[in-house]
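Thanks for coming. I will take a few minutes on one structure, going from the sheet to the helices and then to the cores.

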Amino acid sequence: MQEGNYIKINRSILEWEWYGNINTCRLFLHMLLKTNWKEGRFEGKIIPRGSFVSSIPKLSYETNLTTREVRTSLDHLKATGELTVKTCSKYSIFTVNNYNLYQTNDMQNDTQNDMQNDMQNDMQNDTQATSKRHSNDILTTTIEEGKKEKKEILICSPAGERQRTEEDFEIIYALYPKKIGKAKAYEYYLGWLKGRTISGKKWTLTNKQMYLAVKRYVTQQEEEAVELKFYKGFDTFMNKAILDYLEEEE
């Protein structure tokens, strides 16, 4: 198998203190799969081997965990030294602290020279590979994915644009913990993109504005320790309440 296409899991993970915690174990394994196996760059920053760019909402979307479950699992991993997180304005850089220890070659692998040749071949083949993964609107997880997603956007057909719109909505939906009224919320989402008239005023919102508005509302509820049952349904929030969580300049 080619370098970067697989990870190694030692059976000693069965004795790991978080192995019995389904959410924490699932998130950690997901991170091992998403982590960059070689150094790359993202928005002018060097992302080393063992690290990757993501966010809590995106991890929530990818693992089907709630944002609160992701935060709790991250706290577990940071507390026991498995993970380091560097927060930036629009994303975070996650580093698996012992990645090289976990993923170094053993006697079952080829020699070091063969491994280096494989890595060079992989780098040459990266630009020729066709990605079938879903694209995301805000963040890129790995360096290679980012290059492929930019190409997909440039050659996007009308059908592809519809698919991307649905995926953009799914990222926003993943951020919202109370999963009520998804279908109706999607109708409102499309309405905001095209423009809706509320009390005689036409409002047109972008994906980024809606994402940030949802994030502000969820953050506010979490800071005030509001029980999930008292959250607005997602359709209710996306109907008109979303306007209350726009910044003045928006």
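**Sheet, helices, cores**

Three strands make up an open sheet, in the order β3-β5-β4, with antiparallel pairing. The edges are β3 and β4, the latter covering 83-87, and each of these pairs on one side only. From one strand to the next the twist averages 25°. Before I go on, please keep in mind that this is a predicted model.

Let me stay with β3, residues 51-54. It runs antiparallel to β5, residues 92-96, and four bridges join the two. Within that pairing, F52 has F94 as its bridge partner in β5, and S51 stands opposite T95.

Are the faces of β3 covered or open? Both are covered: S51 and V53 lie on one side, F52 and S54 on the other, and all of them are buried. The split into two sides follows a general pattern, because side chains in a regular strand alternate between the two faces of the sheet.

Next in sequence is α2, residues 56-63. At its start, a side-chain oxygen of S55 comes to within 3.2 Å of the backbone nitrogen of K58. The helix is mostly covered, with six of its eight residues buried. Those are I56, P57, K58, L59, S60 and T63. Just after α2, N64 has a positive phi of about 65°.

Now back to α1, residues 22-34. How far does this helix reach from its first C-alpha to its last? Its 13 residues span 18 Å, close to the 18 Å expected at 1.5 Å a residue. The buried residues in α1 are T24, C25, L27, F28, H30, M31, L32 and K34.

That leaves the cores. The largest nonpolar core has 28 residues, and the members that touch the most others are W192, M210, V214, F234, F237, M238 and I242. Elements giving two or more residues to this core are α7 (158-175), α8 (182-194), α9 (207-223) and α10 (234-239). Of these, α9 gives the largest share, six residues.

A second core, separate from that one, has 20 residues, including L27, L32, L74 and V96. Two of those names came up a moment ago: L27 and L32 are among the buried residues of α1.

To finish, one residue from the largest core. What does F234 touch, leaving out residues up to four places away in sequence? Its contacts are F169, I172, Y173, Y176, K178, I180, A185 and V214. Like F234, V214 is among the core members that touch the most others.

How values were computed:
Residues numbered from 1 in each chain as written. Predicted model: local features only at pLDDT ≥ 70, side-chain atom pairs only at ≥ 80, totals over all residues. Heavy atoms only, no water. Core = buried A, V, L, I, M, F, W, Y, C linked by side-chain atoms within 4.5 Å. Buried < 20%, exposed > 50% of the residue type's maximum accessible area, 1.4 Å probe, protein only. Contact = heavy atoms within 4.5 Å. Expected span 1.5 Å × (residues − 1). Polar contact = N/O pair within 3.5 Å; in protein donor to acceptor, adjacent residues only side chain to side chain. Pairing = 2+ DSSP bridges. Axes fitted to C-alpha atoms, helices over the stretch in contact; angles between N-to-C directions.
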